[in-house]
Amino acid sequence: MQFSSALGPFKGGIRFHPSVNVGIVKFLAFQQVFKNALTGMPIGGGKGGSDFDPKGRSDGEIMRFCQSFMTELWRHVGEYTDVPAGDIGVGQREIGYMFGQFKRLTNRYEAGVLTGKGLSYGGSLARSEATGYGAVYFAQRMLEKNGQSLEGMRVSVSGTGNVALHAMRKAAELGATITACSDSSGYIADPEGIDLELIWNIKEIRRERVISYAQEKGSQAKFVPKGTGSIWDVPCDCALPCATQNELDRQNAMSLAANGVLAVVEGANMPCTPQAVDVFKQAGILFAPGKAANAGGVATSALEMQQNASRDTWSFEKTNQRLEAIMIDIHDQCYNLSKEYDDPGNYALGANVGGFVRVAEAMQALGVV
Ligand code: NDP
């Protein structure tokens, strides 16, 4: 779905998940336009995907699917036209297979055609961390504006994929205790704080379900299967939904509010339903929409494109510092615009206005088509 190239080449992630359909890809691409505009980088908005289910597939099957996917996609993408990245079900491994097939078909080493690449062939340090770290930088800045900090807070993070695992790590680094996390089979809660080394090992290395955590950790850690409870029933000070769209509904929002949550920051794309967002607003809970809070991933993808274009490689520290500065800038843009439009602290309003104005100005400047 190539939605807008007013600001730069179409840019957004490719998703492999059985739930993918055209409607989902369209809404994600639409949101991506404004998110990318908020980063201040020269990137348009797009999104892609397939209802292919990678679960349970062998490495060879994944490779062959990625190659087939690129056998059609290659004619639509390129450094100056459309630069896809990863999303749910598409990580560095899948990007590598797609990049290899693009190179094979075009006979070109066009590093800037895909982002999220491996470090050995044009990837950027800090790209894997960027979305999760970025969401936490945003959360910290938002809390600071309110005289608070993540230090000492209990944080619940849904999902245990790329965004969630890195968000947990950064929040813990800033002094938070991760009280709960999940995958599509259910959630785990650990009052002692989730052992990050153990959960990384289970999800990233062994690729098992979260129930293994409760089985191995023992003590008070518990697993609650999907359908018998929600991660949002676990009391926390800050909630980071980092799994998928519409995973946090009105009921969940009321439960979070009743337990005294102070801030909800979307690491995923539109995980909170509009009704849930209304509850947060009425209860005076700080709320950061994904198009602002999870923009760190695509912003770092743009930094990867910069490195590819200049045939350069930046250090982790340099890229991470740029990421943090971008997230603070996005936060401040949203906050200042919410004040200018008479609803201070309404980050959703600030993000929508900020993203829209930049795209609209560029479209007008480029002339009517
Ligand atoms: P991953 O595939 O790495 O992880 C997704 C996680 O969410 C997994 O733990 C998965 O569990 C869980 N999950 C998926 N569907 C459901 C469901 N229906 N119910 C409960 N849990 C579910 O994806 P990412 O971490 O990359 O992406 C997560 C979200 O962040 C998406 O909304 C994505 O669009 C958004 N995002 C990602 C960016 C990135 O840089 N990766 C950038 C910006 C936004 P299981 O393993 O059981 O399927």
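Start at helix 5, residues 162-173, and select N162, which lies in this helix. You are looking at a predicted model.

**N162.** Show what surrounds this residue. N162 has 25 C-beta neighbours inside 10 Å, so it counts as buried, the cut-off being 20 or more. Which residues does N162 touch, leaving aside those up to four places away in sequence? They are G91, S128 and T131.

**T131.** Follow that last contact. T131 sits in helix 4, which runs over residues 127-145. Is T131 buried or exposed? Buried: 32 other C-beta atoms lie within 10 Å. Now select its contacts, again skipping residues up to four places away in sequence. T131 touches N162, V163 and H166. The list also takes in G267, N294, G296 and G297.

**The pair.** Keep T131 and N162 selected together. An unreviewed UniProt entry places the feature "binding site" at these two positions. They span 32 residues in sequence, yet their C-alpha atoms are no more than 8.2 Å apart, so the two gather at one spot.

**The whole chain.** Zoom out and colour by secondary structure. The chain has 13 helices and 12 strands. Its C-alpha trace spans about 55 × 50 × 40 Å along the principal axes. The radius of gyration is 20 Å; a compact globule of 369 residues would have one near 21 Å, so the chain agrees with that expectation.

Finish with burial and contacts. Buried residues make up 51% of the 369 in the chain. Of the contacts with a separation of 6 or more, 72% join residues 24 or more positions apart.

Technical notes. Residues are numbered from 1 along each chain as its sequence is written. This is a predicted model: local features need pLDDT of at least 70, side-chain atom pairs count only at pLDDT 80 or more; totals for chains, interfaces and linings use all residues. UniProt positions are given in the numbering used here, feature names are shortened, and annotations may be inferred rather than shown by experiment. Helices (H or I, at least four residues) and strands (E, at least two) are DSSP runs, numbered from the N terminus. A residue is buried if 20 or more other C-beta atoms lie within 10 Å of its own, exposed if 12 or fewer, and partly exposed in between; C-beta atoms are placed from the backbone. Two residues are in contact if their C-beta atoms, placed from the backbone, lie within 7 Å. The radius of gyration is taken over C-alpha atoms; the globule rule is 2.2 Å times the number of residues to the power 0.38.
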